[in-house]
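Work through these exercises with the model open beside you. Each one sets a task and then solves it step by step.

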Amino acid sequence: MRIGVIGAGVVGALIARELCRYGIEVHLFEREEDVSFGVSKANSGVIHGCFHEKPGTTRARFCVEGNAEYTALARELDFPFKRIGAHVIAFNSDDVAALERLKAQGEEIGCAGLEIIDREEILSREPRVNPDVRAALWSPTVGIVEPWDVAIAAVENACANGLVLHLGTEVTGIRVTGGRVTGIATDAGGFSLDAVVNAAGLYADRVARMAGVDRPVLHPRRGEYILLDKQAAGTANSVLFPAPTNNSKGILVLPTVDGNILLGPTADDLPALSPDAAATSSVGLAAVVSGAKRLVPGLDPRLTIKTFAGVRPEPAGGEFVVGPTVVRGFYQAAGMRSPGLTAAPAVARYLSREIAAEFGLEEKSAFDPQRKSPPRFSELDEAARAALIEEDSSYGRIVCRCNEVTEGEIVAAIRRGARTVDGVKFRTRAGFGRCQGGFCTARILTILSRELGVPPEEVTVRGKDDRIVVGRVRP
Amino acid sequence: MKSYRTDVLVIGGGAAGLAAASAAAEAGRETILIEREDSPGGVLEQCIHPGFGVHRYREELTGPEFAARLVEELDASGAEVLTGRSVLAIDPKTRAVETVGPEGVRTIRPKAVVFATGARERPFGALRIPGPRPVGIFTAGLAQKLVNLHNLLPGRRALILGSGDIGLIMARRLHLEGVEVVGVLELKPFPGGLMRNVVQCLDDYEIPLHLSHTVIAVHGTKRLTGVTAARVDETGRPITGTAREFAVDTLILSVGLIPEAELIGRFVGLDPINRGPCVDSRWRTRAPWLFAAGNSVAVFDLVDTVAAAGESAGRFAARFAENDIPEVRKIPISRGENVLHLVPTEIDPGVPTLIHLRVPRPMQRAQVRIGEGIVSRRLIGVRPAEMVEVEVPVEAAEELAKLADVKVEVVEE
Ligand SMILES: Cc1cc2nc3c(=O)[nH]c(=O)nc-3n(C[C@H](O)[C@H](O)[C@H](O)COP(=O)(O)OP(=O)(O)OC[C@H]3O[C@@H](n4cnc5c(N)ncnc54)[C@H](O)[C@@H]3O)c2cc1C
Ligand SMILES: Cc1cc2nc3c(=O)[nH]c(=O)nc-3n(C[C@H](O)[C@H](O)[C@H](O)COP(=O)(O)OP(=O)(O)OC[C@H]3O[C@@H](n4cnc5c(N)ncnc54)[C@H](O)[C@@H]3O)c2cc1C
């Protein structure tokens, strides 16, 4: 049995890992140079409490299950996950009524611990919240992750369990013979496969059409963000939501796992998916500032270190498209809009079981669910640091001063698969701090060039055609 | 864990730190200097153009030449230099300084510290310019490092945003290395850098300078393909209908430096405009054992000033390490009209004080007034790029001490 998963975002990564439990040959195809360079790279990173979801929907079901799974998943895959909880902030009686509705809805779908707290209580927990606050809905199960950590960890663990990873490989066609999948075509040649899973994010509609399947119908919805320096720590201690509007959960203010403050996202429906769909706009960034300031009026936008945008694959009708299709052997985990990150572990579990049932697969005992993340110098105590440097002195060389990332960590990231500057950045956080690579880019370029055995002019930021430098000054 | 003691510890081996360490060691104190890079010199190492040292050495040196002189002085002084080692934390209670390098983790317990970590460049993200995130946008210092130290060319056709000195120098450097530099944009109605740099770096090579202009969008999904610029009004807002396109693959940003003072900001307090620690006439911060100098305090114009500041901080740190400088009642000074950067922010009446300040706009004739004219100095042709220095003698400080509120102001005449 040979199965292919298309897309190494958080959804495809977790599906591939689940499939590795069955002792079959699993291939993961990703057209980018690294995992998690798609939707999974730019989002809020919130493991939602799910109280925003309508009872009876696939979103509600997978979200609640996924949220519950994150504690164990983070332990198995060794990625940082913090259940810091969330507050939905109400400013007027309409908002308060909305909190009541959210609470009732959340309780109906099984979201634990929801509680409405009064003004004094919210201000004591979140002293920087707008003093006009009337009440807040507290959801203790909400957590935060760096979303790419989840995908990277899942792929590493899957690879240790036999996954074959094809990076920089675009699926261009799906072979269907007699109503069943027999293989795929890629820009790196064809593969015979018994089953294919479509986890292609924003492109899942195109991949579905390759198999002759007419769902999902997707449209892009952009969300813009502003990231503040760690000096803004304390702006929010939990995830702060406004009372919800029709098509989104609103502009949030939240701490990141790394200790920065994230503001956003907006929600703009785009006419079509263009290469620059993930561009920020002056209107959008202004909306992020004003939305965030409504929640925390004193926040300081001058602490901005970065702006970015993500694009949601919005399915027509709003529901995830998860499960088998009319084409036998062709499965989908598509239309994974928010809360897709939260839902991903549950979707992966469900889909792999469906496939196992259909093909009569059995879990193999050799599967090892544990993965150990490489050491992160900044988080170690002094004794651990000393021991690490003793073993390998490159852990004593700080390359990224803002986030205290050492050369040893960068080399480890490259040995674990990073091939680009962004690959190093997402795995180690080097270049992710307040100077945004001003100090360390030249060093990272040198290390990548040395480790990959290519001249510096060939080192790219994200992949093909985006080399950092164009040549030598002198030969 | 290995732990060491010393009288004076200097953090950062740029111009400020090198001068500080020499001065402290010359004063007879045991001194250690810690530098993160493999060799000292700081930002000077990548400034291969001439223009350094006119005041200090009465010669025009390149950055590396200037640094080499400081290193020679340091070697003669007997201070110990540890390179390839970074300071990660300073404990304000015990003064334990945590450092890391390839030889391991070391804690140093000094009697006094001189903080001289320099400044970082304001990144593109901080400008909140809309658009996609293509490759090809560099801060000027990074571009300078790539070209001058790594022999790597950042692009073929470049636009420069910001006419600060680094931007001007890079316009010339890139032009000389065969990059087509299509222009320099400046938000303000006057250039940000020194006039001599405008002439020598732009005019001499016919590189256009567009004043009152800024970038309003960048284009390109992989590599930068172009930049939209527009004219701005007096408040810095883009004027509709003035947008123009520049087809470039490289955007170089010279949009400001920010003191690297996060290591100490938590316990000494940062000045909101300088963005570095508040210091007094002896370069002493609010922690009595902690001195600071150079670009980590505020961004200075000339390396000569930075080196002089380092020297002074090093000397006082040595004094403190020898026998605590007594805490005197300091005179806080505040900004009046037309004052941006202001160093120091407190006058120690026991020593003469050199006040450094920047004005927000060029002025033909003006007067600096401190404490309603107790100290004053006439200025002719003063510009934001150049720091103004005013001396406050000890006798004047005694007079200032009698005032309830001491303001520094620049009155245009
Ligand atoms: C602004 C925003 C905020 C969000 N906030 C949250 C949140 O806080 N919490 C939450 O739970 N969810 C959130 N989400 C949703 C969440 O980010 C997504 O559901 C999730 O990341 C989707 O993962 P994915 O693996 O399906 O897609 P992706 O990460 O896009 O992965 C799909 C991959 O498929 C690859 N691919 C596509 N076509 C091909 C092909 N033909 N051949 C090979 N490879 C191909 C792509 O390159 C891509 O890497 C948010 C989304 C956005 C945009
Ligand atoms: C492009 C450019 C052109 C210039 N042109 C001129 C000119 O023509 N004439 C002129 O007079 N001046 C010029 N200057 C200004 C002058 O070079 C600077 O003001 C001066 O060099 C700053 O010195 P510094 O010691 O404050 O900082 P830096 O030189 O930045 O030194 C700080 C040092 O501290 C180290 N450090 C930082 N943090 C740590 C830590 N935690 N642990 C260990 N080490 C650390 C850094 O690695 C660095 O070496 C120019 C500056 C630039 C950038």
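Ala, Val, Leu, Ile, Met, Phe, Trp, Tyr, Cys and Pro count as nonpolar; Asp, Glu, Lys and Arg count as charged; the others, Gly among them, count as polar. Keep in mind that the model is predicted.

**Exercise 1. Sort the residues of the shell around ligand 2 into nonpolar, polar and charged.**

Step 1. Collect the shell. It holds 34 residues. The closest are Glu35(B), Arg36(B), Val43(B), Asn295(B) and Val303(B).

Step 2. Apply the classes. The shell divides into 14 nonpolar, 12 polar and eight charged residues.

**Exercise 2. Find where ligand 2 lies and which elements surround it.**

Step 1. Look at the chains. Ligand 2 lies between chains A and B.

Step 2. Look at the domains of chain B. Domain 1 (1–120 + 257–325) and domain 2 (123–255) both give residues to the shell, so ligand 2 lies between them.

Step 3. List the elements of chain B that supply at least two residues each. They are helix H1 (15–26), strand S3 (50–52), strand S6 (86–90) and helix H7 (303–323).

Step 4. Pick out the largest share. H7(B) gives three residues.

**Exercise 3. Trace polar contacts of ligand 2, then state how much of its area the protein buries.**

Step 1. Use the cut-off: a pair of N or O atoms within 3.5 Å.

Step 2. Check the backbone. A polar backbone atom of Val43(B) is 2.9 Å from an oxygen atom of the ligand. A polar backbone atom of Gly51(B) is 2.9 Å from a nitrogen atom of ligand 2.

Step 3. Check a side chain. His49(B) places a polar side-chain atom 3.2 Å from a nitrogen atom of ligand 2.

Step 4. Turn to the area. Ligand 2 taken alone exposes 1000 Å², and the protein buries 94% of that.

**Exercise 4. Describe the surroundings of ligand 1.**

Step 1. Count the residues around ligand 1. There are 39. Nearest come Glu30(A), Ser40(A), Val46(A), Met336(A) and Thr342(A).

Step 2. Class them. The shell has 18 nonpolar, 15 polar and six charged residues.

Step 3. Find polar contacts. A polar side-chain atom of Glu30(A) lies 2.6 Å from an oxygen atom of ligand 1. A backbone N or O atom of Arg31(A) is 3.2 Å from a nitrogen atom of the ligand. For Pro339(A), a polar backbone atom is 3.3 Å from an oxygen atom of ligand 1.

Step 4. Get the buried share. Alone, ligand 1 exposes 1000 Å²; the protein buries 98% of that.

Step 5. Name the elements with two or more residues in this shell. They are helix H1 (10–19), strand S18 (304–315) and helix H8 (340–359) of chain A.

**Exercise 5. Count the disulfides over all chains and place what you find.**

Step 1. Take the cut-off: two cysteine sulfur atoms within 2.5 Å. The count is one.

Step 2. Identify the pair. Cys50(A) is joined to Cys63(A), S to S 2.2 Å.

Step 3. Place both ends. Cys50(A) sits in the loop between strand S3 (46–47) and helix H2 (58–77) of chain A. Cys63(A) is in helix H2 of chain A, and the two are 13 residues apart.

Step 4. Read the torsion. About the S-S bond it is about -85°, so the disulfide is left-handed.

Step 5. Check burial, with buried meaning under 20% relative accessible area. Cys50(A) is buried at 2%, and Cys63(A) is buried at 0%.

Step 6. Test another cysteine. Cys435(A) is in no disulfide; its nearest cysteine sulfur, in Cys402(A), is 3.8 Å away.

Conventions:
Residues are numbered from 1 along each chain as its sequence is written. Chains are lettered from A and ligands numbered from 1 in the order in which they are written. This is a predicted model: local features need pLDDT of at least 70, side-chain atom pairs count only at pLDDT 80 or more; totals for chains, interfaces and linings use all residues. Side-chain values use heavy atoms; hydrogens and water are left out. Helices (H or I, at least four residues) and strands (E, at least two) are DSSP runs, numbered from the N terminus. Buried means under 20% relative accessible area, exposed over 50%, partly exposed in between (1.4 Å probe, protein chains only). A residue is near a molecule or strand if one of its heavy atoms lies within 4 Å of it. A polar contact is a pair of N or O atoms within 3.5 Å; within protein, one must be able to donate a hydrogen and the other to accept it, and residues adjacent in sequence count only if both atoms are side-chain atoms. Accessible areas come from the Shrake-Rupley method with a 1.4 Å probe; for residues, only the protein chains shown count as cover. Domain bounds come from an automatic or database domain assignment.
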